[in-house]
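Welcome! Take a moment to look over the sequence and the model before reading on.

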Amino acid sequence: MHSLASIGRACRRSRESWESEEKPVEDYINRRVYSVPPPGDTMTHTSLEEVEKRLASVHCAICKTNNFGVDRRTLQSDGECRGVCLKCRYNFPVYTDMDFYLRTQPDIPYRLKEISCPSCLHRGVSLDFRITMSVRESVYFVTCTACKSQFPERSSLEAFE
Ligand SMILES: [Zn+2]
Ligand SMILES: [Zn+2]
């Protein structure tokens, strides 16, 4: 019943040493089984529960609703996973390892300093995670460094036009 194959797939990029520590956990809300990485790996990333909650502030590229889940079976050791629209099943990549992203994209920190907060109008945010909703729409989920309010910021940086 429980698909061990899908667990194995999700872990294929995990470090060898984890294999023995991983235990399937029943998720009673989503009715599916996934493996929980040992503490210490994803702790520096935004948690997937948090990601799901904040995805509700954007709309599906296809059906325009805003109910999303994160498919935990797709979580990779580099923090990438798939967000799924709960209505039309459209799915898109979610990237949670922003340390790596900021290291490899040196212009992003400058852009983050220019984003203004809709609540307090302070300019300057920190980047929590990002998604690519469609080829033309990349969204940054950011936190205001002054008042700590969280909001999504559309980015056209990755549009290749
Ligand atoms: Zn949808
Ligand atoms: Zn603010």
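What follows is a short tour, from the overall layout to a sheet and then to a single loop residue.

**Overall layout**

Please keep in mind that this is a predicted model. The protein chain holds 4 helices and 8 strands. If you read along the sequence, these elements come in the pattern α-β-β-α-β-β-β-α-α-β-β-β. Of the 161 residues in the protein chain, 20% are buried. Contacts in the protein chain can also be sorted by sequence separation: among those between residues at least 6 apart, 40% join residues at least 24 apart.

**The sheet**

How are the strands of the open sheet ordered? The order is β3-β4-β5-β6-β7-β8, so to speak a row of 6 strands, and the pairing is antiparallel. At the edges sit β3 (68-71) and β8, each of which pairs on one side only. From one strand to the next, the twist averages 30 degrees.

Helix α2, made of residues 48-55, lies across β3, β4 (80-85), β5 (91-95), β6, β7 and β8. Relative to β3, helix α2 runs at about 150 degrees.

**Two pairings in the sheet**

The table sets out two of the strand pairings, with one facing pair of residues for each.

| Strands | Sense | Bridges | A facing pair |
|---|---|---|---|
| β6 and β7 | antiparallel | 8 bridges | Ser126 and Thr143 |
| β7 and β8 | antiparallel | 6 bridges | Ser138 and Ser155 |

Strand β7 covers residues 137-144, and strand β8 covers residues 150-155. Together, β7 and β8 form a hairpin, with 5 residues between them. Within the turn, Lys148 has a positive phi of about 65 degrees. As a general point for anyone viewing such strands, side chains in a regular strand alternate between the two faces of the sheet.

**A closer look at Ser116**

Where is Ser116 placed? You will find Ser116 in the loop between α4 (108-114) and β6 (125-134). Ser116 counts as partly exposed because it has 13 C-beta neighbours inside 10 Å, while a residue with 12 or fewer would be exposed and one with 20 or more would be buried.

Which residues does Ser116 contact, leaving aside its neighbours within four places in sequence? They are Leu121, His122 and Arg123. Ser116 can also be set against Glu153: the two are 37 residues apart in sequence, and their C-alpha atoms are 9.6 Å apart in space. Glu153 falls within the residue range of β8, 150-155.

Note on methods: Residues numbered from 1 in each chain as written. Chains lettered and ligands numbered in written order. Predicted model: local features only at pLDDT ≥ 70, side-chain atom pairs only at ≥ 80, totals over all residues. Pairing = 2+ DSSP bridges. Helix = DSSP H or I, 4+ residues; strand = E, 2+ residues; numbered from the N terminus. Contact = placed C-beta atoms within 7 Å. Axes fitted to C-alpha atoms, helices over the stretch in contact; angles between N-to-C directions.
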